[in-house]
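User: Could you walk me through this model? I would like to discuss the helix packing, the ligand surroundings and any unusual backbone geometry.

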Amino acid sequence: MSSKLDVVLGLQWGDEGKGKIVDVLAGRYPAVARFQGGPNAGHSLHFDGKSFVVRSIPSGIFRDGSVNIIGSGVVLDPVTFKEECANVAAMGIEPKERIVISKKAHLILPTHRLLDAAYEAAAGKGKIGSTLKGIGPTYTDKVGRHGLRVGDILTPDFKDRFAKLKARHHRLLDDLHYEYDPCHGEAEWMEAVDFLKEFELVDCEYFVDNLLKEGKAILAEGAQGSMLDVDFGSYPFVTSSSTTVGGVCTGLGLAPSRVGKVFGIFKAYCTRVGSGPFPTELFDETGERLRQIGHEYGAVTGRPRRCGWLDLVALKYTVMIDGVTDLIMMKSDCLDGFETIKACTAYKVDGKLTDQVPFDISTEIEPVYTEFPGWKKDLTGIRSEDGLPKEFKDYVKFIEDYLGVPVTIISLGPDREATIERV
Ligand code: IMO
Ligand code: MG
């Protein structure tokens, strides 16, 4: 019987802990697939006393016998990918045996990164706070039908097509009066393209179809978060891909009927890195406290993350869009020391209460909070539901009732082992 493809999606503004959960769940799935985004992602894994950050490589890489698919909707930077592979190889794992790459994934060129920097420099106050990995310009070329794809590296005229696209980028950079080295990063990039040729390059849609037909379940690993989705996030302060459930189908070439469970991940509080609206952001010592306890600094850029209370209005919106079947709650242990814990349960916009995310989320939104007594107990060593304090269970129950979806996994620390399953 044909298997289903289950999905892990971040429900907030990214950095929810997708890497850890995919790593935990990957033991049950023969294959893990990335379907969108690129090296703007930074997924952290911790096991056997070691830590690891993956960017383009799926988080299933450390599971024996796993197939890790870089799907068609991904944008791939050969240079970062090669570096990542070297890090994986240093752990005693041969990346070529575990990774396949879609021929239809688009390539990030060195000039895409320059354009990212140039656009940000020109944006002044409207800066997106991009990770500067070239994501936006690469997706722009994809949609504009100028892009280069992984499969193109095998064609005889690849270098000519590269030169043509590079020249186009140079014209854009000149228009922006951005200074650059015309050969910036090119030699290294071409070497990394040769390295890509050593991998199995696949027709992703057939590859995925065959795995499922063989009864092999696949776990799709989302990058970024649903509030950063190009259509449904806090536009224009978003990333340039579909981070919501629809992106799984377009990014892998998969029919919606073949999607099984949708695991939605959220932190017990909220963070955001980069610019853009964030209704529950805290500018006081509580925000700073969350940042310190949660080590809220970017895994890719090292930037301090903005912190705030859990936003249930935004969460309900993304649970709806993604059709979440199972909720996964991360970093609850970071709230251990708090006397009271707050969650935003309504927005006040123009003096009116609403439980919906408005069209323009950057308008003046006053978050309305519900307060909960803290549990004031160290949760990190707890490994079973029975050991959890009543106040904590009440808080989780409130979230489940508000969202109408059960919390089936609770994570109480970065390690694989610090995970409670509730089914
Ligand atoms: P993971 O997968 C958090 C943010 C950037 C910026 C905006 C656009 O680790 O959760 P981009 O480089 O994509 O053009 O930046 O999106 N952003 C992320 N924030 N986690 C991520 O990935 C992110 N990837 C991009 O900070 O505000
Ligand atoms: Mg991250």
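Analyst: The answers below take up these topics in turn. Please note that this is a predicted model.

User: Let us begin with H2 and H7. At what angle do their axes cross?

Analyst: Helix H2, residues 78–89, and helix H7, residues 186–196, have axes that cross at roughly 60° and come within 8 Å. That angle makes H2 oblique to H7. The crossing of H2 past H7 is left-handed.

User: Which residues in H2 and H7 meet?

Analyst: On the H2 side they are Pro-78, Val-79, Phe-81, Lys-82, Glu-83 and Cys-85. Their partners in H7 are Glu-188, Trp-189, Glu-191, Ala-192, Val-193, Phe-195 and Leu-196. By class, the residues of this contact divide into 9 nonpolar and 4 charged, with no polar ones.

User: And H6 with H7, how do those axes cross?

Analyst: The axis of helix H6, residues 158–175, comes within 13 Å of that of H7, and the two cross at roughly 140°. H6 is therefore oblique to H7, because an angle counts as roughly antiparallel only when it is over 145 degrees. The crossing of H6 and H7 is right-handed.

User: What meets what in H6 and H7?

Analyst: Phe-158, Lys-159, Phe-162 and Lys-166 in H6 meet Glu-186, Trp-189, Met-190 and Val-193 in H7. This contact has 5 nonpolar and 3 charged residues, and no polar ones. Trp-189 and Val-193 of H7 are listed here, and they also appear in the contact with H2.

User: Changing pair: where do H4 and H5 stand, and what is their angle?

Analyst: H4 covers residues 110–123 and H5 covers residues 135–143; their axes come within 7 Å and cross at roughly 110°. This makes H4 roughly perpendicular to H5. H4 passes H5 in a right-handed crossing.

User: Which residues make up that contact of H4 with H5?

Analyst: H4 contributes His-112, Leu-115, Asp-116 and Tyr-119, which meet Ile-135, Gly-136, Pro-137, Thr-138 and Asp-141 in H5. The classes in the contact of H4 with H5 are 4 nonpolar, 3 polar and 2 charged.

User: What about the loop between H4 and H5, which residue there stands out?

Analyst: Leu-132 lies in that loop. Leu-132 has a positive phi of about 60°, although it is not a glycine. Most residues other than glycine have a negative phi.

User: Where is the cis peptide bond?

Analyst: The bond from Tyr-235 to Pro-236 is cis, with omega near 5°. Most peptide bonds are trans. Pro-236 belongs to the loop between strand S10 (218–221) and helix H9 (246–252).

User: On to ligand 1. How many residues are around it, and which come nearest?

Analyst: There are 20 residues around ligand 1, and those that come nearest are Asp-15, Lys-18, His-43, Thr-131 and Thr-239.

User: Which side chains place a polar atom by an oxygen atom of ligand 1?

Analyst: Asn-40 has a polar side-chain atom 2.9 Å from an oxygen atom of ligand 1. For Arg-303, a polar side-chain atom lies 3.0 Å from an oxygen atom of the ligand.

User: And which residue does so with a polar backbone atom?

Analyst: That is Ile-128, whose polar backbone atom is 3.3 Å from an oxygen atom of ligand 1.

Technical notes: Residues numbered from 1 in each chain as written. Chains lettered and ligands numbered in written order. Predicted model: local features only at pLDDT ≥ 70, side-chain atom pairs only at ≥ 80, totals over all residues. Heavy atoms only, no water. Axes fitted to C-alpha atoms, helices over the stretch in contact; angles between N-to-C directions. Helix = DSSP H or I, 4+ residues; strand = E, 2+ residues; numbered from the N terminus. Parallel < 35°, antiparallel > 145°, perpendicular 65-115°, else oblique. Left-handed = near helix turned anticlockwise from the far one by under 90°. Contact = heavy atoms within 4.5 Å. Nonpolar A, V, L, I, M, F, W, Y, C, P; charged D, E, K, R; others polar. Near = heavy atom within 4 Å. Polar contact = N/O pair within 3.5 Å; in protein donor to acceptor, adjacent residues only side chain to side chain.
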